[in-house]
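Biologist: Hi! Could you put the model up on the screen so we can walk through it together?
Modeller: Sure, here you go.

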Amino acid sequence: GRTSRIPLENIRISDDITNRPYQREAVTAVCDAITNKHRKMLIVQATGSGKTRVSISIVDVLRRHNYVKNILFLADRKALVKQAKNNYTNLLPDLSCCNLLDNKDDPESCRMIFSTYPTMMNAIDERKNKYGEKLFSPGHFQLIICDEVHRSIYKKYQEIFEYFDAMLLGMTATPKNEIDKNTYGVFDLERGVPTFAYELEKEEYEDTFSDDDTVGDDISGEAVNTWLFNADTIDKVLRELMEKGLKIEGGDKLGKTIIFAKNSLHAQAIVKR
């Protein structure tokens with residue numbers, strides 16, 4: 001029978017999977033939506049801010065609370081499917097994962113299936129198990145995660161979403177005001193109001209080189225170097241990092257951070273500061 005669900009209150013989010021505050025907020029927002037009887041959720045998250053990890057954390061929480069048993073992850077490119085499967089396998093080692101594009105995997109014994117949209121369409125249309133039944137029944141999955149959702153996907157592969165009776169979690173890096181009305185419609189959401197959004201603010205182009213003229217594109221390499229290697233510039237960046245960077249161990253220590261330098265000399269200058 002069905003194991004009884006544990007309410008999604010006071011959820012424990014694994015720091016090993018998602019430790020950035022906005023990632024944890026995304027997981028919480030999705031769990032709140034599910035608690036409020038939503039079956040479709042859309043997360044807007046800037047590229048490089050850990051979309052897959054957020055989805056892994058959501059799967060982790062929903063599994064522990066007995067909300068999902070079988071999960072489907074859809075992406076539009078083979079490489080992304082493979083990459084996602086590797087991430088899931090690494091972070092949730094007890095979850096059996098299958099790539100539907102790999103013939104050596106046995107999808108029937110797996111809890112989580114990774115596929116491209118077309119391959120899943122074929123599986124719905126054609127693939128049967130050894131008893132001649134459909135490989136996946138309409139109730140097989142409790143959650144479908146769609147990576148990089150955009151309108152064309154729903155138009156083209158609508159059958160997938162109509163065939164399966166599952167919760168839907170869409171993830172995209174497209175800014176929320178650029179997502180078309182139809183996509184919000186698919187998720188039964190008001191235009192411009194996703195379940196959760198984390199968008200990187202576009203950096204204002206700082207007028208650093210001079211006070212009065214606007215900076216053109218013709219700054220000499222020498223000027224750039226002088227500015228980059230300037231101790232004040234480096235200190236300013238480091239101070240910003242110390243104040244606003246990712247903190248761990250109760251906020252006393254700086255978490256893993258990547259600083260991009262122009263070249264190895266510049267990197268050494270930063271280390272020296």
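Biologist: What kinds of residues make up the lining of the second largest pocket, nonpolar, polar or charged?
Modeller: Keep in mind that this is a predicted model. The lining of the second largest pocket divides into five nonpolar, seven polar and four charged residues.

Biologist: And how much space lies in that second largest pocket?
Modeller: About 330 Å³. There are 16 residues lining the second largest pocket, and the closest to its centre are Lys-51, Thr-52, Leu-80, Gln-83 and Asp-147.

Biologist: Which element gives the largest share of that lining?
Modeller: That's α3, with five residues. Both α2 (51-64) and α3 (78-91) supply at least two residues each.

Biologist: Okay, what about the largest pocket, how much space is in there?
Modeller: About 1,600 Å³. It has 41 lining residues, and Glu-240, Leu-241, Gly-245, Thr-257 and Ile-258 are the closest to its centre. The elements giving two or more residues to this lining are α1 (21-35), α7 (221-228), α8 (231-244) and α9 (264-272).

Biologist: Which of those gives the largest share?
Modeller: α8 does, with eight residues. By type, the lining of the largest pocket has 16 nonpolar, twelve polar and 13 charged residues.

Biologist: New topic: strands. Is β6 enclosed or open, and why?
Modeller: Strand β6 (residues 167-172) is largely enclosed by the rest of the structure, because six of its six residues are buried. Met-167, Leu-169 and Met-171 point one way, Leu-168, Gly-170 and Thr-172 point the other way, and all are buried.

Biologist: Which strands are joined to β6?
Modeller: Strand β1 (residues 40-45) is joined to β6 by five bridges, and the two run parallel. Strand β5 (residues 143-147) is also joined to β6 by five bridges, again running parallel.

Biologist: What does Leu-168 pair with?
Modeller: On the β1 side, Leu-168 is the bridge partner of Lys-40. Leu-168 is also the bridge partner of Ile-144.

Biologist: Last thing, how many aromatic pairs are there?
Modeller: Eight. Take Phe-136 and Phe-141: their ring centres are 5.2 Å apart and their planes sit at 45 degrees, so the pair is tilted. Tyr-163 and Phe-164 form an edge-to-face pair, 4.9 Å centre to centre with 80 degrees between the planes.

Biologist: Are those four rings buried or exposed?
Modeller: Phe-136 is buried at 3% relative accessibility, and Phe-141 is buried at 1%. Tyr-163 counts as buried at 18%, because the cut-off is under 20%. Phe-164 is buried too, at 5%. Ring pairs link Phe-136, Phe-141, Tyr-163 and Phe-164 into a cluster.

Methods
Residues numbered from 1 in each chain as written. Predicted model: local features only at pLDDT ≥ 70, side-chain atom pairs only at ≥ 80, totals over all residues. Heavy atoms only, no water. Phe/Tyr/Trp six-rings, centres within 6.5 Å; stacked < 30°, edge-to-face > 60°. Buried < 20%, exposed > 50% of the residue type's maximum accessible area, 1.4 Å probe, protein only. Helix = DSSP H or I, 4+ residues; strand = E, 2+ residues; numbered from the N terminus. Pairing = 2+ DSSP bridges. 1 Å grid on protein atoms, 1.4 Å probe; cavity = no way out; pocket = protein on both sides within 12 Å on 5 of 7 lines; lining within 4 Å. Points joined across faces, edges and corners; volume = space filled by probe spheres on them. Nonpolar A, V, L, I, M, F, W, Y, C, P; charged D, E, K, R; others polar.
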